[in-house]
Number of protein chains: 2
Amino acid sequence: MSESLDLNAIREAHARIRDKIHRTPVMTSAWLDAECGGKLYFKCENLQKVGAFKARGATNAVFSLSDSEAVKGVATHSSGNHAAALARAASLRGVPAHIVMPTNAPKSKQAAVRGYGGVIVFCEPTLAAREAACAQVMAETGAVLVHPYDDFRVMAGQGTAALEFLEDVPDLDILLVPVGGGGLLSGSAVASKGVKPGIRVVAAEPAQADDAFRSFKSGQRVTVQANTIADGLRTSIGARNFPIILGQVDDVVTVSEEGIVAAMRRIWSVLKTVIEPSAAVPYAAVLEGKLPVVGKRVGIILTGGNIDLDALPWMKG
Amino acid sequence: MSESLDLNAIREAHARIRDKIHRTPVMTSAWLDAECGGKLYFKCENLQKVGAFKARGATNAVFSLSDSEAVKGVATHSSGNHAAALARAASLRGVPAHIVMPTNAPKSKQAAVRGYGGVIVFCEPTLAAREAACAQVMAETGAVLVHPYDDFRVMAGQGTAALEFLEDVPDLDILLVPVGGGGLLSGSAVASKGVKPGIRVVAAEPAQADDAFRSFKSGQRVTVQANTIADGLRTSIGARNFPIILGQVDDVVTVSEEGIVAAMRRIWSVLKTVIEPSAAVPYAAVLEGKLPVVGKRVGIILTGGNIDLDALPWMKG
């Protein structure tokens, strides 16, 4: 297993996965530009395979394995987009995927994993139970763990989105990325600083799950009790991700829950594209004035579009 | 004013408007293909300027005018996407747009017209009041009427979507288009049959607004009392549109209201793209098995994406 992350690893990842993922489009809007005074570019990873950038990292991890490693399959614990992404990647390689999920995981997420041929192993909805169930599956099957973010192969895969973004829009001044565990953020920072050293990389995080913000400002990795609608960003920064983020990221900003909902709604309404709450967090930072964008070319990764259409946040209350 | 419609007029329209509109992308989905047994291509006019294909016809009409015609402005009566499209086109040409709207038109539609610099003239919400108000505005200002669909310049503009579609996907077997007044349908039929005579052109219509279906089957233009969620398709077939449809369209099929909602939801969920109910009608015909698609390459125009996010149909009841 590769134990570092550099531009070369990300370029290799791109060569490895590019025929197995979508090259996602970049959208712009004169309305949104006029409102903020900057020029915004949105890379639509909500249109990626499995509806999220997670397809990149999972595919790179699975196709980085040797045949003898791969044959016994892969395993992870996730109730989110990484679960479906890993099931799909394993299916493409023709090996089993064992996905540990809490018993209360949404039916739609379970269906997505099964739809890609993944085998679900249910556990109690606690982190300890998830880790124990995952360890047991690995011991029984010999499957290789593919962690959702704390894994250099996964980070390299996620970094390919920024690589494509800078190919399509080479003159970006700022790259704005949401941060949960830090897989996308660390990959994006290494890719974009590698290609364009002068670019500013800023992470956006819900104020109600601000472990990355606190960790970045203090230099010490901390955890917090997350309570945010942005379900993809409730995880804490990974051990392998944190040093990269500390070294390569220029700033971390936080946004309110109301800002996330307003940003999500605005993007649906103006860009006509369906994004999940986690994907709205960077644009929420623009709406809330958390970073200077006037006169700047700002790249925003719309990370995913998997959402329960029966439970839209603006329908509540 | 041009008094006929042929492929050449549509090609001229495309040359006239192409730098004033978006070349919209075509989306596909392996999931949706597997479900229906055909290969579906979705042309995303919901991503068009003003969020609907109506930008094409309105722009062609406004830029077809001579300077002496254009200087006094344009007028229409519409509470839908044509209103915003005409306001935008007039603004691009630097002439006034007078838009007659019923007093009960949605605030969002009024805001869109004003946002593009259109002047709204309010009237009572009856067809007679709309026509009277429009005639009065034209008499007072000398503005030229640009009808939403019963106008050859508008039809030629709408036909440019099919022209682009067949450039991008030349081997389509079937083109599936929703029908309201028939502007898009007549333009699409002439464009696609002109480019590819063997293509099958099928119109899809809500069963609860089935004037085009009845007119097509009987050969006589009839009107019905429309009662459908697909608000863009409540209008009756235009006098100039009907003979073209009768001569060039291969079939008209109808779909249920439940089918429209299910199709709209499926497209949001799988394609991650926001469409309005009228735009879901062709895919509803596929879902309801109203035409044979197994083994066929089927082009579907997603006509628009302007919808009130506070009132989604599946949230009701």
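Trainee: What makes strand 3 and strand 4 of chain A a pair?

Mentor: In this predicted model, strand 3 (residues 74-77) of chain A runs in the parallel sense to strand 4 of chain A, with 4 bridges between them. Pairing requires at least two bridges, so the 4 bridges found here meet the requirement. Within the pair, A75(A) stands opposite H98(A), a residue of strand 4 of chain A.

Trainee: How do you know that strand 4 of chain A is mostly covered?

Mentor: Strand 4 of chain A comprises residues 97-102, and 5 of its 6 residues are buried. For each residue called buried, 20 or more other C-beta atoms must lie within 10 Å of its own.

Trainee: Why is R114(A) called partly exposed?

Mentor: R114(A) has 14 C-beta neighbours inside 10 Å. A residue is buried at 20 or more and exposed at 12 or fewer; the count of 14 lies in between, so R114(A) is partly exposed. The residue belongs to helix 6 (residues 107-115) of chain A. Its C-alpha atom is separated by 8.3 Å from that of A84(A), although the two are 30 residues apart along the chain.

Trainee: Why is L176(B) called buried?

Mentor: L176(B), in strand 7 of chain B, has 26 C-beta neighbours inside 10 Å. The cut-off is 20 or more, so L176(B) is buried. Beyond four places in sequence, L176(B) touches V202(B), A204(B), P282(B), A285(B), V298(B), G299(B) and I300(B). S188(B) is 12 residues from L176(B) in sequence, and their C-alpha atoms are 9.4 Å apart.

Trainee: Why is helix 13 of chain B described as largely enclosed?

Mentor: Helix 13 (residues 277-287) of chain B has 11 of its 11 residues buried, so the rest of the structure largely encloses it. Among the buried residues are P277(B), Y283(B) and L287(B). The elements against which they pack are helix 2 (30-36), strand 7 (174-178), strand 8 (200-206), strand 9, helix 12 (257-271) and strand 10 of chain B. After helix 13 of chain B comes G289(B), with a positive phi near 65°.

Trainee: Which residues have the most contacts inside the largest nonpolar core?

Mentor: That core has 215 residues, and those with the most contacts inside it are L86(A), A280(A), A284(A), L86(B), A280(B) and A284(B). Neighbours within four places in sequence aside, A280(A) is in contact with I260(A), A263(A), M264(A), I267(A) and I275(A).

Trainee: Why are strand 1 and strand 9 of chain B said to stand at the edges?

Mentor: The open sheet of chain B has 6 strands in the order 1-2-10-7-8-9, with mixed pairing. Strand 1 (26-27) and strand 9 (251-255) of chain B each have a single partner strand, so one side of each lacks a neighbour in the sheet. Further in, strand 2 (residues 39-44) and strand 10 (residues 297-302) of chain B pair in the parallel sense over 6 bridges. One of the bridge partnerships joins L40(B) to V298(B) in strand 10 of chain B.

Trainee: How do you know that the relation of chain A to chain B is that of a two-fold axis?

Mentor: A rotation of 180° with 0.0 Å of shift along its axis superposes chain A on chain B, with an RMSD of 0.0 Å. That is the relation of a two-fold axis. In chain A, T273(A) has the C-alpha nearest the axis, 2.3 Å from it.

Trainee: What makes the contact surface the same for both copies?

Mentor: Of the contact residues of chain A, 100% recur in chain B, and the same surface thus serves both copies. The contact involves 15 residues of chain A and 15 residues of chain B. The side of chain A has 7 nonpolar, 5 polar and 3 charged residues.

Trainee: Which parts of chain A form its two domains, and how many residues does each give to the contact between them?

Mentor: Domain 1 of chain A covers 7-52 + 151-315, and domain 2 covers 55-145. Their C-alpha centres lie 24 Å apart. Domain 1 gives 25 residues to the contact and domain 2 gives 16 residues. On the side of domain 1, helix 1 (7-17) and helix 8 (152-168) of chain A are the elements that give two or more residues. Helix 8 of chain A provides the largest share of that side, 8 residues.

Definitions and conventions:
Residues are numbered from 1 along each chain as its sequence is written. Chains are lettered from A and ligands numbered from 1 in the order in which they are written. This is a predicted model: local features need pLDDT of at least 70, side-chain atom pairs count only at pLDDT 80 or more; totals for chains, interfaces and linings use all residues. Copies are superposed by least squares on the C-alpha atoms of residues with pLDDT of at least 70 in both. Two residues are in contact if their C-beta atoms, placed from the backbone, lie within 7 Å. Ala, Val, Leu, Ile, Met, Phe, Trp, Tyr, Cys and Pro count as nonpolar, Asp, Glu, Lys and Arg as charged, and the others, Gly among them, as polar. Domain bounds come from an automatic or database domain assignment. A nonpolar core is a set of buried Ala, Val, Leu, Ile, Met, Phe, Trp, Tyr and Cys residues joined through C-beta atoms within 7 Å.
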